[in-house]
Amino acid sequence: MSETYSVKMRASSDGRHVSGAEKIVPVGSVSKVASRLVERALSHERGTPDFINVKIESLSSDILRLKALPVMTHVVATPAEGRALAARLLAEAGIANVDEIMVRFSETHSLRGAMLLDADTLERLEPDQSRGVRATYMDDAAALAKGTAGVKNHYAEAIVLATKVQNAPNIIAEICVSDDPDYVTGYVATRELGYRRITVLKEKGDPNGGRIFLYRGPRDGVAKTIEFLEKTPVLVDDVPTLSCAANAPRRFDGLADALDARQAAGLSRRCRTLEGPTGPTAIVDGRELVVFASNDYLDLARDPRVVKAAADAANEFGAGSGGARLTTGTQPPHVRLESALAKFKGSEAVLLYGTGYMANVGAISALVGKGDVVLSDELNHASIIDGCRLSGADVLVYRHGDMEDLDRKLGACREHRRRLAVSDGVFSMDGDILDLPRFLEVTRRHDVFSMVDEAHATGVVGCTGRGLAEHFGCELPDVLMGTLSKALGSEGGFVCGSKLLVEYLRNMSRPFIFSTAPGAPAMAAALAALEVLVAEPGRVAKLRENIALFVSELARHGVSVRGETAIVPVVVGDEKKALAASAALEELGFLVPAIRYPTVARGAARLRVALMSAHTPEQLRAAASSLAKILKS
Ligand code: PMP
């Protein structure tokens, strides 16, 4: 790599260190990066420096590329806890005198560089003990591409340094904490354990920091180690930066730590962009994938009649509603849709909400409050859980689908003023159906409110997609919640019930009252989709055929799954394995998301296959066979 330069900046005030950084950059970026580093020094929160030294050197020797150590964050509460953990990690790395090392760690403060200690005899090995050993000439290989060159990022810089140090000959471990009084996070790094971030390793306000490099090897190897640390230029690849944490003020550290801990556990999340209209295929990152992840079960979101209805409504009524329903936000499409949904579900009245989430939160928190009780299935959707929490009512969770447990728990809470039992109709991550007749029998016997979430049942369950009451041939629950965002291809939520219930919610339900009404285009689209669904019940039948074909194909390949509804869960268990299986499927052209905690319980990660009426038999067969193959490998 010719024409590469090291750019170093050191800034001080009254002889006191203020800021320092180094970058390895191609010649074309030297002046830009140098000026960024100067800006950084001049705007440092420790004060304006009176001396800034920028050193720019051409790198003559080859640059070594290293892969960043894997990072894991340990969240601890106190410095004592952090130091005990650091000692444990060092012991795990095969170091005997950890207590003594922790004492020495407190003695590193006066050094500009690191203390180089023999890991076994604890003898100091630096030629100049007042200076210590400095690890320099290193950078994040991707910093330029990420546009973060010159931007302060403690997180990335520490990983780069630790990676270089752990690749030095005869170095077996490092322990470090910053001298910044506000930065209390430190780390222990070894090649085997990786970079173990410890969130609290000193008291806040403590201006002392330092580092120890632990050496195990012959004395005549020390010079080579120091030469590597101080002279060999290194670029580190795959530095797992939290780019959003770069340059963030200290008060954001806790946020970065929480994100980092999620990432280490295989639980971090990101949004993927799907190009083109929603449907059974999409372009993702430039590749066409068959989508087994959409809740648009009947392929209505892109149906020309539905799209035209939305466009016509936008032209006629405008894009947004301009107000809450009780002020200026009620437009003809809202009124028409409420009456069409009531007819479709066979209820007296319907109330629309901005989303299904709001419908659950709004209905539950209006119906019960302090002094009341909600009985909630343990696998209920997050919006139900949040509604229960927000209501302030006592919440009793009963075992999944266990009507005897529900019965028992209802029997034990007769003292509460109002009682509500609530369940998903189709469980969103498991795809199973609530036994509605039994649920109604138990709740009516106890004379408590019954509420069922038909988000994934509407358009899917029952011969014509009307939901659980059609499927079982039974009555409706007192409160039937649904969403327009799944089989109805639009967005918005609704609650069906008696006129009394709906009038009550219209007056008492805060997400209905205090939020702007959903726009007319979305309402008109849902209305058109509902009309298509009623006119073409064959779509529901086609979806059911697809479910049967997919499940039987999986069975033929030795994978047995439940196929009651359009949601077919394939439970993998381990979060990282589920992610790996999802990535492997994507390689083969299928988009099947891995569902992990907190959406499902820890250790119950799964691939959630969502089927559509528009999937072709070929797509279903290919997906089943690929899925089975990946699960077996
Ligand atoms: N209930 C269930 C069971 C759901 O799966 C969802 C959506 N994931 C909702 C409610 C919320 O509906 P919406 O997306 O329309 O807010």
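Which residue of β12 is the bridge partner of Leu-66? In this predicted model, that place is taken by Val-236. The pair belongs to a run of four bridges that ties strand β4 (residues 64-67) to strand β12 (residues 234-237), with the two strands running parallel. β12 also has bridges to strand β7 (residues 138-140): there are three of them, and again the strands run parallel. Here Asp-139 has Leu-235 of β12 as its bridge partner. Ahead of β7 comes a loop that starts after β6 (115-118), and Leu-122 sits in that loop. Leu-122 has a phi near 60 degrees, a positive value for a residue that isn't glycine. That is worth a second look, because most residues other than glycine have a negative phi.

Moving along the chain, there is an open sheet of seven strands, and its pairing is mixed. Reading across the sheet, the order goes β16-β22-β21-β20-β19-β17-β18. Since β16 (349-353) and β18 (394-398) each have a single partner strand, they stand at the edges, and one side of each has no neighbour in the sheet. Neighbouring strands are turned against each other by 20 degrees on average, if direction is ignored. At one end, strand β17 (residues 373-377) pairs with β18 over five bridges in the parallel sense, and Val-373 faces Asp-394 of β18 there. Helix α10 lies across a good part of this sheet, namely β16, β19 (419-424), β20 (449-453), β21 and β22 (493-497). Relative to β21, α10 runs at about 160 degrees.

α10 turns up again at the ligand. The shell around the ligand holds 15 residues, and the ones that come nearest are Tyr-357, Asp-453, His-456, Thr-483 and Lys-486. By class, the shell splits into three nonpolar, nine polar and three charged residues. As for specific polar atoms, an oxygen atom of the ligand is 2.6 Å from a side-chain N or O atom of His-456. Thr-483 likewise has a polar side-chain atom 2.6 Å from an oxygen atom of the ligand. With Gly-356 it is the backbone that takes part: one of its polar backbone atoms is 2.9 Å from a ligand oxygen atom. Taken on its own, the ligand has 390 Å² of accessible area, and the protein covers 83% of that. Two elements, α10 (356-367) and β21 (479-483), give two or more residues each to the shell. The top contributor is α10, with three residues.

Further on there is another open sheet, this one of three strands in the order β23-β26-β25, with antiparallel pairing. Its edge strands are β23 (567-573) and β25 (594-595), each of which pairs on one side only. β25 is joined to strand β26 (residues 605-610) by two bridges, and these two strands run antiparallel. Within that pairing, Ile-595 has Arg-606 of β26 as its bridge partner. Helix α19 (residues 575-587) packs on the sheet and touches β23, β25 and β26, with its direction at about 35 degrees to that of β26.

The loop between β25 and β26 is where Pro-598 is found. The peptide bond joining Tyr-597 and Pro-598 is cis, with omega at about 5 degrees. This one stands out because most peptide bonds are trans.

Technical notes: Residues numbered from 1 in each chain as written. Predicted model: local features only at pLDDT ≥ 70, side-chain atom pairs only at ≥ 80, totals over all residues. Heavy atoms only, no water. Near = heavy atom within 4 Å. Polar contact = N/O pair within 3.5 Å; in protein donor to acceptor, adjacent residues only side chain to side chain. Areas by Shrake-Rupley, 256 points an atom, 1.4 Å probe, with all protein chains shown as cover. Nonpolar A, V, L, I, M, F, W, Y, C, P; charged D, E, K, R; others polar. Pairing = 2+ DSSP bridges. Contact = heavy atoms within 4.5 Å. Axes fitted to C-alpha atoms, helices over the stretch in contact; angles between N-to-C directions.
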